[in-house]
Amino acid sequence: MSREARGMMSREARRLRLKRAARRCFAALWPPLAFGALVLGGWEAGARWGGLDPMMLPAPSEIAEQFQLGFASGLYPQHLGVTLLQAMIGFGIAICAGVGIGALISAVPLVERTLNPFLIAFEAMPKIAMAPLVIVWFGYGIWSKVVLAAAIAFFPVLVSTILGLRACEPGRLDVLRCLGASRAQVFRLVRLPSALPFIFSGINVAVVFVLLGAIVGEFVGAKAGLGTLILAANENLETARVFSILALLAGMGMLLHFGVTALRQRLLFWAGPQAGPPTA
Amino acid sequence: MTAIDDRRAQPGGLNQPRDGTPLIAVRELSKVYPMAKGERVQALSRINMEIGQGEFVSLVGPSGCGKTTVLRILAGLIADYTGDVSVSGKSLHGPSREVGVVFQDANLMPWRTALANVLLPAEVLGLNRKQARARAQELLSMVGLEGFERKLPGELSGGMRQRVAIARALIHDPAVLLLDEPFGALDAMTRDTMNVELAAIAARSKKTVFLITHSIAEAVFLSDRVLVMSSRPGRIVEVIPVQLPRPRGLDIIVDLGFAATVLRIRRLLDGDTASALPSIAH
């Protein structure tokens, strides 16, 4: 076979492979895309000719225009940055505190027995109700929002860490114990990696919760952030604007979720995609 | 029968290594498990045994007779017992570097490659990294896994995972290799192959091996001596020397000496609890 012919073959094969991938992609995407188009089309038609009140449900085209305008003026990026910063700092604190306290609780039974009733009481309380108090304590700046975000996102990380550390297979522990490994070694080499699939399911919940905490905090009292923009737009009855910010938040939440999923795949290459408990 | 057998199980009886000083010495070992409601279960009762340097000794008995308790004490996983247990002349209360353990499940860390799993004890014990790495490579090829160093446990078959576990148990060069029904979870064909390889590994590494199994044929095939245990309370009722030439192949199954030894152990166990044993082959 000549080199040219082989080149043709491989080009042909590559074309076929691409075609197959495209077909798979299309098969996966068409139902949600068709559904979305149908809903948006019906909504747009309803707003234009069906007499939908633009104060209640503005047309998608109008929302898109507000979206574009918000970005063009630099207003959205600026406030998005504030909200995102608050959420991410809160996220970091929630993960560190959740994993740290979870590790302490599962390592020292006395700590568990001491803290358990308080943790249950704190978890049972709707953390959002603390928002006004947290504003009083930490002011109108970003830190009150950071604290709220962290407080809300802390629990899923804590609970999944405790569950994960407890679920460690005893056989794996025996391997280290019969070598006379220290507690720190057992934790680092077996317990923590074994718990990671669980911890990640908690982190997946937490990443959505931190956005919630940041926005609620901004509603109660803030100088900047997407929450303040929503409040201002609502007061001016700019419903299309409110919708455009909601769309932005939804997109933000999805990006964060995918980020966590990508990180999970990198760190947990050894675990199947469904390892650990199902995400809440 | 107990009176005679108890005498046999005493030190100075048949329960002696064939040559050399004992590497493992167990004297009057008893273990009681406290149960709920203040009850106590006598798991082991006055176990005596000695295992010499380089010897391959198996412990067979019905399920629940306490064989795993004996192994866990030798592995340092159970520290509260009465009696004396020593390895290499040192009294044993807790984990010892002289011991390498292979469990029924391979218990590999799924996030570590085969090589990294073998190196785990070296990390725990703080051994020289470079030397340990070279040794891990050697051990992996000794157990027939050359070229699989970078595979994750999830990519290996059950037999291969157990081979990695054997290599891991040998990485810190322990004097004794303890095996707790290491091939119990494998299918019969893989199990036969693994037994042939285990015999070769034991011969090549010149380790002292203590094997727990409920397969009589497996015990006879591999061992220099077979200790027969009975249950409730767990005690050693008989020590059977296996006088078959080495190396032994799988065709030893048709050897009359092999069959006679298996039969002898089976009769001992059947007198105790016939139903607790699988009927054929094992």
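This is a tour of two chains, A and B, in a predicted model.

**Stop 1: chain B as a whole**

Select chain B and colour it by secondary structure. Its secondary structure comes to eight helices and ten strands. Of its 282 residues, 44% count as buried. Now consider contacts in chain B with a separation of 6 or more: residues 24 or more positions apart account for 70% of them.

**Stop 2: the two domains of chain B**

Colour residues 2-98 and 176-273 of chain B as domain 1. Give residues 108-173 of chain B, which make up domain 2, another colour. The C-alpha centres of these two domains lie 26 Å apart.

Next, look at where the two domains touch. Domain 1 of chain B puts twelve residues into the contact, and domain 2 of chain B puts in eleven. Which helix gives the largest share of the domain 1 side? Select residues 188-205 of chain B. This is helix α6 of chain B, and six residues on the domain 1 side come from it. By class, the domain 1 side has seven nonpolar, two polar and three charged residues.

**Stop 3: a sheet in chain B**

Stay in chain B and show the strands β2, β1, β4 and β5. These four form an open sheet, in the order β2-β1-β4-β5 (chain B). The pairing is antiparallel. Which strands sit at the edges? They are β2 (40-52) and β5 (90-91) of chain B, and each pairs on one side only.

Zoom in on β4 (residues 82-87) of chain B. Two bridges join this strand to β5(B), and the two run antiparallel. Pick Val87(B) here: it stands opposite Lys90(B) in β5(B).

Now add helix α2 (residues 67-74) of chain B. This helix packs on the sheet and touches β1 (22-34), β2 and β4 of chain B. The direction of α2 makes about 60° with that of β2(B).

**Stop 4: where chain B meets chain A**

Show both chains. Here 19 residues of chain B are in contact with 15 residues of chain A. On the chain B side, the elements that give two or more residues are β6 (99-102) and α3 (114-125) of chain B. Select α3(B) for the largest share, which is four residues. By class, the side of chain B that touches chain A has 14 nonpolar, four polar and one charged residues.

**Stop 5: the domains of chain A**

Hide chain B. Colour residues 1-49 of chain A as domain 1 and residues 62-267 of chain A as domain 2. Taken over C-alpha atoms, the centres of these two domains are separated by 36 Å.

**Stop 6: helix α5 of chain A**

Select residues 131-138 of chain A, which form helix α5. Show side chains. The buried residues of this helix are Ala131(A), Val134(A) and Ile135(A). Why do they count as one side of α5(A)? They cover an arc of only 105° around the axis, and therefore lie on the same side of the helix. The general rule is that an α-helix has 3.6 residues a turn, so residues three or four places apart point the same way.

What does the buried side meet? Add α6 (142-166) and α8 (183-220) of chain A: the buried residues of α5(A) pack against both.

Turn the helix over. The face away from the buried side carries the exposed residues Leu133(A), Val136(A) and Trp137(A).

End at Gly139(A), just after α5(A). This glycine takes a positive phi of about 85°.

Terms used. Residues numbered from 1 in each chain as written. Chains lettered and ligands numbered in written order. Predicted model: local features only at pLDDT ≥ 70, side-chain atom pairs only at ≥ 80, totals over all residues. Domains from an automatic or database assignment. Contact = placed C-beta atoms within 7 Å. Nonpolar A, V, L, I, M, F, W, Y, C, P; charged D, E, K, R; others polar. Buried ≥ 20, exposed ≤ 12 C-beta atoms within 10 Å, placed from the backbone. Arc of directions from axis to C-beta. Pairing = 2+ DSSP bridges. Axes fitted to C-alpha atoms, helices over the stretch in contact; angles between N-to-C directions.
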